[in-house]
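I opened a fresh notebook page for this one. Here is what I looked up, in the order I went through it.

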Amino acid sequence: MGTAWMFLLSQILVLAAYSLSDSYSTPAAGSTQERIIYDFGKGIWPENIILRHNGNVLGGLLSTPQIFEIDPITHECKITHTFEDKTGVFGFAETEPDLFYAVASNFSLGTFEGVEGSADLYELDFRSLSQDPKIRKVMDFPAAGWFNGLATLDGEKGL
Ligand SMILES: *[C@@H]1O[C@H](CO)[C@@H](O)[C@H](O)[C@H]1NC(C)=O
């Protein structure tokens, strides 16, 4: 192989190494800072969280059938909703800005089992300007005791 080829090859390898190191670079140690925005205290089990477009953290509890919303700036946590006939809330998914879905069911933290037929899907509509979301049941799952999460496959086609 001639010198010119060797030079070209070495330049290609340098470029490849450069682009690899560029795309796979890891953040420098200490560049991510974590801080506690809210302490739920002992015995409270937050299960799933999702970010709202206003920056608040929306989530559900397993230890009580409640939906909470935390303002990470003021550290305020408010209970947005309590499901009267359930024991816990699982999973959150958003299909369009501020339109969320969650499953509430009767789940025992003691046995880690859900009551068959108790899992229902709820729509949580935060789109109105009023503070309180509109919450309605959209589906029963007669064979399900609980759900381990929810995800949006396609905002128009569903969950
Ligand atoms: C779920 O739990 C609630 C609260 O304890 C109760 O009122 C309701 O009847 C239960 N539902 C089922 C299907 O077990």
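My entries below go from the sheet to the core and then to the ligand.

**Entry 1: the ground rule.** I am working with a predicted model, so I kept to local features with pLDDT of at least 70.

**Entry 2: the open sheet.** I looked up the strand order first and found an open sheet of four strands, S1-S2-S3-S4, with antiparallel pairing. At its edges I noted S1 and S4 (76-82), each of which pairs on one side only. From one strand to the next, the twist averages 25°.

**Entry 3: the pairings.** I then went through the bridges. S1 (residues 46-51) and S2 (residues 57-61) run antiparallel and are joined by five bridges. Within this pair I found Ile 50 opposite Leu 58 of S2. The hairpin of S1 and S2 has five residues between the strands, and there Gly 55 takes a positive phi near 95°. On to the next pair: S2 and S3 are antiparallel too, with four bridges between them. Here I wrote down Gly 59, whose bridge partner in S3 is Phe 68.

**Entry 4: the core.** Which residues have the most contacts inside the largest nonpolar core? My list reads Val 89, Phe 90, Phe 100, Tyr 101, Ala 102, Val 103 and Leu 124, in a core of 22 residues. At least two core residues come from each of S2, S3 (66-71), S5 (88-96), S6 (99-105) and S9. S6 gives the most, with five residues. As background for myself: in soluble globular proteins, nonpolar side chains tend to be buried together.

I picked Val 89 for a closer look. Setting aside neighbours within four places in sequence, I found Val 89 in contact with Glu 47, Gly 60, Leu 61, Pro 65, Gln 66, Ile 67, Phe 83, Ala 102 and Ala 104.

**Entry 5: around the ligand.** Next I listed the residues around the ligand: Asp 85, Lys 86, Thr 87, Asn 106, Val 115, Gly 117 and Ser 118. By type, this shell holds one nonpolar, four polar and two charged residues.

**Entry 6: Val 115.** I stayed with Val 115 from that shell. It sits in the loop between S8 (113-114) and S9 (120-125). Is Val 115 buried or exposed? It counts as partly exposed, because it has 15 C-beta neighbours inside 10 Å, and 20 or more would be needed for buried. Not counting residues up to four places away in sequence, Val 115 touches Asn 106 and Gly 145; Asn 106 is also on my ligand list. Last, I checked Ala 144, 29 residues from Val 115 along the chain: their C-alpha atoms are separated by 7.8 Å.

Conventions. Residues are numbered from 1 along each chain as its sequence is written. This is a predicted model: local features need pLDDT of at least 70, side-chain atom pairs count only at pLDDT 80 or more; totals for chains, interfaces and linings use all residues. Two strands pair if DSSP finds at least two bridges between them. A residue is near a molecule or strand if its C-beta atom, placed from the backbone, lies within 6 Å of it. Ala, Val, Leu, Ile, Met, Phe, Trp, Tyr, Cys and Pro count as nonpolar, Asp, Glu, Lys and Arg as charged, and the others, Gly among them, as polar. A residue is buried if 20 or more other C-beta atoms lie within 10 Å of its own, exposed if 12 or fewer, and partly exposed in between; C-beta atoms are placed from the backbone. Two residues are in contact if their C-beta atoms, placed from the backbone, lie within 7 Å. A nonpolar core is a set of buried Ala, Val, Leu, Ile, Met, Phe, Trp, Tyr and Cys residues joined through C-beta atoms within 7 Å. Axes are lines fitted to C-alpha atoms, for helices over the stretch in contact, and angles run from 0 to 180 degrees between N-to-C directions.
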